[in-house]
Amino acid sequence: MTLRSAYFADWKGGAIVLLWGDATGMRDLRDFLRLTWAAPNAPTLDRFCEAVDGRMIAVRAVSDQRDTGMRLARDGLEWRLQPDLAEDFAEMVDVLASSVSGHQYLETRGSDISVEVSIGEYPETLRPDSRGF
């Protein structure tokens, strides 16, 4: 397992996108968050992250802090970030990469959908329709 993602409409009382995996997946996500700003379009996490719910996550750079956050898109998800916020998130994910288990909430102001990144807490088989953990 490296990294998996899924959108949960009602997780612990609210909507959340969960990214969970192992140390390799955490390092891939960290590196992506640090390097994605050089891309001319909205890059996606699909190179290293399996969207188990079929909702691919595209990351888009924005300039206004009020525009940041995770949003539902037509057939996937769009994660809007400012470059400095992405760097802060990369640092938080880097801490997880050297942990056996734990999680971080990557919070922004402009979103009703929370983002949780987790290592060693959820099984590979976790799916939005059956929380068998």
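**Local contacts and overall architecture of the predicted model**

Gln82 is located in the loop that connects strand S6 to helix H2, the latter spanning 83–97. The structure described here is a predicted model. Gln82 is classed as buried because its relative accessible area is 16%, which falls under the 20% limit. From this loop, the side chain of Gln82 extends to the backbone oxygen of Ser63, at a distance of 2.8 Å.

The protein chain as a whole comprises 2 helices and 8 strands. In sequence order, these elements follow the pattern β-β-α-β-β-β-β-α-β-β. The radius of gyration is 14 Å, close to the 14 Å that the globule rule gives for 133 residues, so the protein chain is as compact as a globular protein of that length. Along the principal axes, the C-alpha atoms occupy a box of roughly 40 × 30 × 25 Å. Buried residues make up 44% of the 133 residues in the protein chain. Among contacts with a separation of 6 or more, 47% involve residues 24 or more positions apart. The exposed area of the protein chain is about 6,800 Å², and carbon and sulfur atoms contribute 45% of this area.

Strand S6, which precedes the loop of Gln82, takes part in a hairpin with strand S5. Strand S5 covers residues 69–72 and strand S6 covers residues 77–81; the two are paired in the antiparallel sense through 4 bridges. Within this pairing, Arg71 is positioned opposite Glu78 of S6. The hairpin leaves 4 residues between its two strands.

Gly76 belongs to the loop between S5 and S6. The relative accessibility of Gly76 is 4%, and Gly76 therefore counts as buried, the limit being 20%. When residues up to four places away in sequence are set aside, Gly76 touches Arg55, Met56 and Arg71. Arg71 is thus both a contact of Gly76 and the residue that stands opposite Glu78. A further spatial relation links Gly76 to Tyr7: the two residues are 69 residues apart in sequence, and their C-alpha atoms are separated by 9.3 Å in space.

Ser118 offers a further example of a buried residue, in this case within a strand. Ser118 is part of strand S8, which runs over residues 114–119. With a relative accessible area of 1%, Ser118 falls under the 20% limit and is therefore buried. The side chain of Ser118 forms a polar contact with the side chain of Glu121 at 2.7 Å. Apart from neighbours within four places in sequence, the contacts of Ser118 are Leu18, Leu19, Trp20, Gly21, Met26, Leu96, Gly102 and His103. Of these partners, Leu96 falls within the range 83–97 of helix H2, and Met26 falls within residues 23–35 of helix H1.

Charged side chains were examined next. The model contains 9 salt bridges. One of them joins Arg34 and Glu87, with an N to O distance of 3.3 Å. Arg34 lies in helix H1 (residues 23–35) and Glu87 in helix H2, so this salt bridge ties together parts that are 53 residues apart in sequence. Both partners are partly exposed, Arg34 having a relative accessible area of 30% and Glu87 a relative accessibility of 32%.

Another salt bridge connects the side chains of Asp31 and Arg30, with an N to O distance of 2.9 Å. The two residues fall into separate accessibility classes: Asp31 is partly exposed, with a relative accessible area of 31%, whereas Arg30 is buried, with a relative accessibility of 15%. Because the limit for a buried residue is 20%, Arg30 lies on the buried side of it.

A salt bridge is also found between the side chains of Asp64 and Arg66, where the N to O distance is 2.7 Å. Asp64 is partly exposed at a relative accessible area of 25%, while Arg66, at 64% relative accessibility, counts as exposed. In addition, Arg4, Glu50 and Glu124 are joined into one network by salt bridges that share partners.

Key: Residues are numbered from 1 along each chain as its sequence is written. This is a predicted model: local features need pLDDT of at least 70, side-chain atom pairs count only at pLDDT 80 or more; totals for chains, interfaces and linings use all residues. Side-chain values use heavy atoms; hydrogens and water are left out. Two strands pair if DSSP finds at least two bridges between them. Buried means under 20% relative accessible area, exposed over 50%, partly exposed in between (1.4 Å probe, protein chains only). A polar contact is a pair of N or O atoms within 3.5 Å; within protein, one must be able to donate a hydrogen and the other to accept it, and residues adjacent in sequence count only if both atoms are side-chain atoms. A salt bridge is a side-chain nitrogen of Lys or Arg within 4 Å of a carboxyl oxygen of Asp or Glu. The radius of gyration is taken over C-alpha atoms; the globule rule is 2.2 Å times the number of residues to the power 0.38. Contact means heavy atoms within 4.5 Å. Accessible areas come from the Shrake-Rupley method with a 1.4 Å probe; for residues, only the protein chains shown count as cover.
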